[in-house]
Amino acid sequence: MKKLASSLVAVILACQAQVALAQSEPEASLEVSIGGGLATNPYLYADAETAGSVTLSVSPSIIYEDELGDTRLGGNLRVSQYTNRYGSDIAARVEASAQRMLDELTSVSISSSVQTARSAVQDGLIFDASASPGSGPIEPPELPVIDTTIAGTRARITNVSTSVGLSRVLDEVSSANASITLGGTYIGGGVGFDYRNASAQLGYERKLSERTSLTLGSQFGVVDYLGRRTGDSFIVSPRVGVSQKLSDRLSVVADAGISYVDTDIGAGFRSKTISFAGSVGICDRGPNQNLCFSAGRSAQPTALGGVSTVTTASLSYDTQLSAVDRVSLTARYGRTNQDGRGLPLSRITELVGALATYTRRLSERVALTVTPSYSKIYDDREKRDANFALMVGLTVIFGDQR
């Protein structure tokens with residue numbers, strides 16, 4: 001199944017690339033970054049050790065746009081070398097997305113990605129740029145940035161995901177959308193259970209005024225743990241929400257509903273539970289300054305074999321200080337509550353993190369970055385020291401600039 005899922009995503013990536021490259025000359029760019037730093041516990045292990053590191057990161061990007069939509073291809077390859085027992089580390093991500101107008105009222109979107117990483121901290125546990133706050137309540141609930149139950153383990157984690165969505169304008173004040181998402185999570189080192197997940201989402205939006213919209217949505221999901229039936233689950237999450245534009249800069253989205261979870265707990269028994277689910281997003285976006293907050297609660301699969309209640313919150317801020325100076329701040333909180341459904345025991349794992357980045361453009365294509373950060377896992381079964389880190393690097397941009 002892992003090979004099948006990887007092959008499916010590879011085919012989609014190839015098709016999207018051919019569509020983009022065959023129609024027009026795309027914008028292509030390449031970012032190359034090199035830097036060094038110091039971290040007190042870079043992998044959030046229980047046996048922490050301070051280490052220095054040197055990191056090389058390569059990020060290619062291709063963007064094609066026309067009057068009907070856009071196609072984007074991108075990726076990242078990062079190689080890090082540590083000064084002590086952590087050795088070397090390689091992380092990689094390939095992603096593609098396309099949005100096209102089928103006619104004046106109908107649009108279709110497709111996205112796919114493959115990611116492999118060993119470091120939960122460096123690869124999205126806290127600082128996932130793809131998770132934009134306040135994405136909207138009619139969108140399917142996003143998976144947590146990463147499963148906190150396996151953070152701090154010596155395991156390589158591979159995620160495969162692909163989704164297809166369709167949106168249709170029904171009349172001047174209403175629209176409907178639907179999407180299907182397929183994914184797989186594979187954990188090395190025997191520290192967790194591999195699983196596949198599939199979900200379908202239906203949504204409806206109706207404008208009540210120029211600034212206010214009502215949203216209705218429901219998600220249906222299936223979780224299949226490979227090599228075992230215990231933990232296999234069916235999830236239904238209906239929600240109702242509102243989108244409010246308070247001003248030209250300030251907007252709020254919120255929804256509330258339930259998560260119904262039916263889980264196989266073994267020996268012919270099943271667990272059926274209902275819990276609150278919801279999300280809220282607030283954003284103040286300006287020409288030189290952005291401030292966003294988001295929070296959510298939902299039922300999600302975990303690597304230890306069962307569906308858990310996941311609570312997340314994030315705060316992001318960035319501002320342009322001058323023509324060459326920019327500062328961004330990010331803080332994130334995550335909590336996974338495993339209550340024993342399909343598991344040998346209950347467990348609560350929490351993570352908090354904060355990061356600041358100062359960027360100074362030295363020229364049109366060269367930038368200096370300074371990034372201090374903090375992260376810590378709170379585990380009711382094992383104590384881990386916090387990670388304090390400082391990174392300094394240079395980024396060079398080749399090709400087209402947007």
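Okay, let's start with two cysteines: Cys283 and Cys292 are both buried. One thing to keep in mind throughout is that this is a predicted model.

So what joins Cys283 to Cys292? A disulfide does, with the two sulfurs 2.1 Å apart. For anyone who wants the chemistry, a disulfide is a covalent bond between the sulfur atoms of two cysteines. And how many disulfides does a search of the whole structure find? Just one. You can also give this bond a hand: the torsion about the S-S bond of Cys283 and Cys292 comes out at about 120°, so we call the disulfide right-handed.

Let me step back to the chain as a whole. We have 402 residues, and 40% of them count as buried. The secondary structure comes to 18 strands and two helices. If you take contacts between residues at least 6 apart in sequence, 58% of those join residues at least 24 apart. As for the surface, the chain exposes about 19,900 Å², with carbon and sulfur atoms supplying 60% of that.

Now the inside. Which residues make up the largest nonpolar core? There are seven: Tyr195, Val223, Tyr225, Ile235, Val261, Ala299 and Val307. Put Ala299 in the middle of your screen for a second. Setting aside residues up to four places away in sequence, Ala299 touches Ile235, Val261 and Val307, and also two serines, Ser259 and Ser308. Ile235, Val261 and Val307 are themselves members of that core.

Stay in that area and look at Asp224, which sits in strand E9, residues 212-225. Is Asp224 buried or partly exposed? Its relative accessibility is 22%, so Asp224 counts as partly exposed. The cut-off for buried is under 20%. Leaving out neighbours within four places in sequence, Asp224 is in contact with Asp194, Tyr195, Arg196 and Asp232. Take Tyr195 from that list: 29 residues separate Asp224 and Tyr195 along the chain, yet their C-alpha atoms are 5.5 Å apart. And Tyr195 is one of the core residues I just listed.

Next, some strands. Strand E14 covers residues 306-320 and strand E15 covers residues 325-338, and they pair antiparallel over 12 bridges. E14 and E15 form a hairpin, with four residues between them. If you want a landmark, find Tyr317, which stands opposite Leu329 in E15. Then go on from E15 to strand E16, residues 347-361: these two also run antiparallel, joined by 14 bridges. The landmark there is Asn337, standing opposite Ile348 in E16.

Last topic, charges. How many salt bridges does the structure hold? The count is 19, and I'll walk you through a few.

Start with Asp47 and Arg85, whose side chains meet in a salt bridge at 3.8 Å, N to O. Asp47 is in the loop between strands E1 (27-39) and E2 (51-66), while Arg85 is in the loop between strands E3 (69-82) and E4 (88-101), so this pair ties together parts that are 38 residues apart in sequence. Asp47 has a relative accessible area of 39%, which makes it partly exposed. Arg85 is partly exposed as well, at 39% relative accessibility. There's a third partner here too: Asp47, Glu49 and Arg85 are linked in a network of salt bridges.

Another one is Asp103 with Arg168, where the closest N and O atoms are 3.5 Å apart. This pair links distant parts of the chain, 65 residues apart: Asp103 is in the loop between E4 and strand E5 (106-117), and Arg168 is in strand E6, residues 157-169. Asp103 is partly exposed, with a relative accessible area of 37%, and Arg168 is partly exposed too, at 35%.

And then Glu95 with Arg93, with the closest N and O atoms 3.0 Å apart. Glu95 counts as partly exposed at 34% relative accessibility, and Arg93 does too, at 24%.

So, if you open the model after this, here's a short tour. Go to the disulfide between Cys283 and Cys292, then to Ala299 in the largest nonpolar core, then to the hairpin of E14 and E15, and finish at the network of Asp47, Glu49 and Arg85. Okay, that's me done.

Conventions. Residues are numbered from 1 along each chain as its sequence is written. This is a predicted model: local features need pLDDT of at least 70, side-chain atom pairs count only at pLDDT 80 or more; totals for chains, interfaces and linings use all residues. Side-chain values use heavy atoms; hydrogens and water are left out. A disulfide is a pair of cysteine sulfur atoms within 2.5 Å. Buried means under 20% relative accessible area, exposed over 50%, partly exposed in between (1.4 Å probe, protein chains only). A nonpolar core is a set of buried Ala, Val, Leu, Ile, Met, Phe, Trp, Tyr and Cys residues joined through side-chain atoms within 4.5 Å. Contact means heavy atoms within 4.5 Å. Two strands pair if DSSP finds at least two bridges between them. A salt bridge is a side-chain nitrogen of Lys or Arg within 4 Å of a carboxyl oxygen of Asp or Glu. Accessible areas come from the Shrake-Rupley method with a 1.4 Å probe; for residues, only the protein chains shown count as cover.
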